[in-house]
Amino acid sequence: MTKLEQDSRLDRIGDRLQRRVQSTLRSQRVRDLLHGVPLGHPLHPAMVQVPVGAWISAAVLDLLPGQRRAATTLVALGTASAVPSAVAGLNDWAGLSRDQRRIGLIHAAANAIGLTLYAGSLAARLNGRHGTGRALAYLGLGAASAGAYIGGHLAYKQGAQVSQSVSELHRMGDEWQPVADLASLPQRELVTCEVGDVSVILYRHGDEVTVMLERCPHQSGPLGEGEVREIDGHACVVCPWHGSAFRLNGGEVVHGPSGTDQQVLPTRVVGGVLQTRLP
Ligand code: FES
């Protein structure tokens, strides 16, 4: 897997596919929906539960007598639901870093082979060739399982679509810590500072101050170098790297590619000094 991460030969196909995905999925609203922005959580891992669950269930039913119809129904459900899951995955994939995209390409290829085998299985079953349908389904399950293994590497080893900011919290104590004099903070401007060795951004609006982790949850971009923009009536910080936007009054993600919210920290003011701590 490490060799694949470093294999630049995959970039020719990967770069072309990335351009194709980006030119096809142009609507910000559609892209946000596929990233899981309305949920504040990536959509692709939730969507794949349907095809994986249906295909594994069909594999069990294929071992039992008198379950042809039920197994065919589950193969059809899995095959149909794999298509939108794949679209959501491609949308996430197009916003990954280069080494993640290489592994993502292999993940997508294994799943595409699985999907093709299941489509063949469905066609065979509908034509009464249940033995062929079963064999193709088991091959498809093998390919999809390989895809799942590679997807696990992509998510858990490479951290694709995993919040890159939340680990910052592990380096903070849970006692209140001073951040800045309230009077020194400018109105409606981003200020970056350190709490211990964790970088945060401050945004003052009247006497309300938001303290938010500075590392973007998408790929650690510096939100402190981003711009503040009004989106849907809310002040948001827009990441300078890939344009994810987060509400400054709560951290909710309003535009991807981040599929997760940004962490806002609790605040209090004691003697004119703004303090923060772990949520
Ligand atoms: S790092 Fe990609 S949107 Fe912030």
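The protein chain has a mean pLDDT of 95, and 100% of its residues reach 70 or more. This is a predicted model, and that confidence score is a handy place to start. Where pLDDT is low, predicted coordinates should not be read in detail. Among the elements of the chain, the lowest mean value, 92, belongs to helix α1 (residues 2–5), while helix α5 has the highest, at 98.

Helix α1 turns up again among the salt bridges. A search of the whole structure finds 12 of them. One of these pairs lysine 157 with glutamate 5, with the closest N and O atoms 3.2 Å apart. Lysine 157 sits in helix α8 (residues 130–157) and glutamate 5 in helix α1, so this contact links distant parts of the chain, 152 residues apart. Glutamate 5 counts as buried, because its relative accessibility is 9%.Arginine 98 offers another case, forming a salt bridge with aspartate 11 in which the closest N and O atoms are 3.1 Å apart. Since arginine 98 lies in helix α7 (residues 98–126) and aspartate 11 in helix α2 (residues 11–24), the pair ties together parts that are 87 residues apart in sequence. The two partners differ in how much of them can be reached. Arginine 98 is partly exposed, with a relative accessible area of 37%, whereas aspartate 11 counts as buried at 11% relative accessibility.

A third salt bridge joins glutamate 168 to arginine 171, and here the closest N and O atoms are 2.5 Å apart. Glutamate 168 is buried, with a relative accessible area of 4%, while arginine 171 is partly exposed at 41%. Some salt bridges also share partners, and in this way Asp11, Asp15, Arg98, Arg101 and Arg102 are joined into one network.

Next come the strands. In a sheet, strands pair through backbone hydrogen bonds, either parallel or antiparallel. One open sheet in this model has four strands in the order β2-β3-β4-β9, with antiparallel pairing. Its edge strands are β2 (190–195) and β9 (264–265), each of which pairs on one side only. Strand β4 (residues 208–213) meets β9 through two bridges, again in the antiparallel sense. Valine 211 has leucine 265, in β9, as its bridge partner.

Strands β5, β6 and β7 are linked by pairing as well. Strand β5 (residues 227–231) runs antiparallel to strand β6 (residues 234–238), and five bridges join them. Isoleucine 231 stands opposite histidine 234 in β6. The two strands form a hairpin with two residues between them, and in its turn aspartate 232 has a positive phi of about 50 degrees.

From β6 the pairing carries on to strand β7 (residues 245–247), antiparallel and over three bridges. Here valine 238 stands opposite alanine 245 in β7. The hairpin of β6 and β7 has six residues between the strands, and glycine 243 takes a positive phi near 90 degrees.

What about the cysteines? A disulfide is a covalent bond between the sulfur atoms of two cysteines. With a cut-off of 2.5 Å between the sulfur atoms, the count comes to zero disulfides. Cysteine 193 is in no disulfide, and the nearest cysteine sulfur, that of cysteine 216, is 18 Å away. Cysteine 193 counts as buried because its relative accessibility is 17%. Cysteine 239 counts as buried too, at 5% relative accessibility.

That leaves a look at the surface. Val52, Ile56, Val60, Leu63, Leu64 and Tyr138 make a nonpolar surface patch of about 550 Å². Helix α5 (residues 49–61) provides the largest share of this patch, three residues. Leucine 63, another member of the patch, lies in the loop between α5 and α6 (68–93). At 66% relative accessibility, leucine 63 counts as exposed.

Note on methods: Residues numbered from 1 in each chain as written. Predicted model: local features only at pLDDT ≥ 70, side-chain atom pairs only at ≥ 80, totals over all residues. Heavy atoms only, no water. Patch = residues over 30% accessible without salt bridge, like charges linked within 9 Å, V, L, I, M, F, W, Y side chains within 5 Å. Areas by Shrake-Rupley, 256 points an atom, 1.4 Å probe, with all protein chains shown as cover. Salt bridge = Lys/Arg side-chain N within 4 Å of Asp/Glu carboxyl O. Buried < 20%, exposed > 50% of the residue type's maximum accessible area, 1.4 Å probe, protein only. Pairing = 2+ DSSP bridges. pLDDT = per-residue confidence, 0-100.
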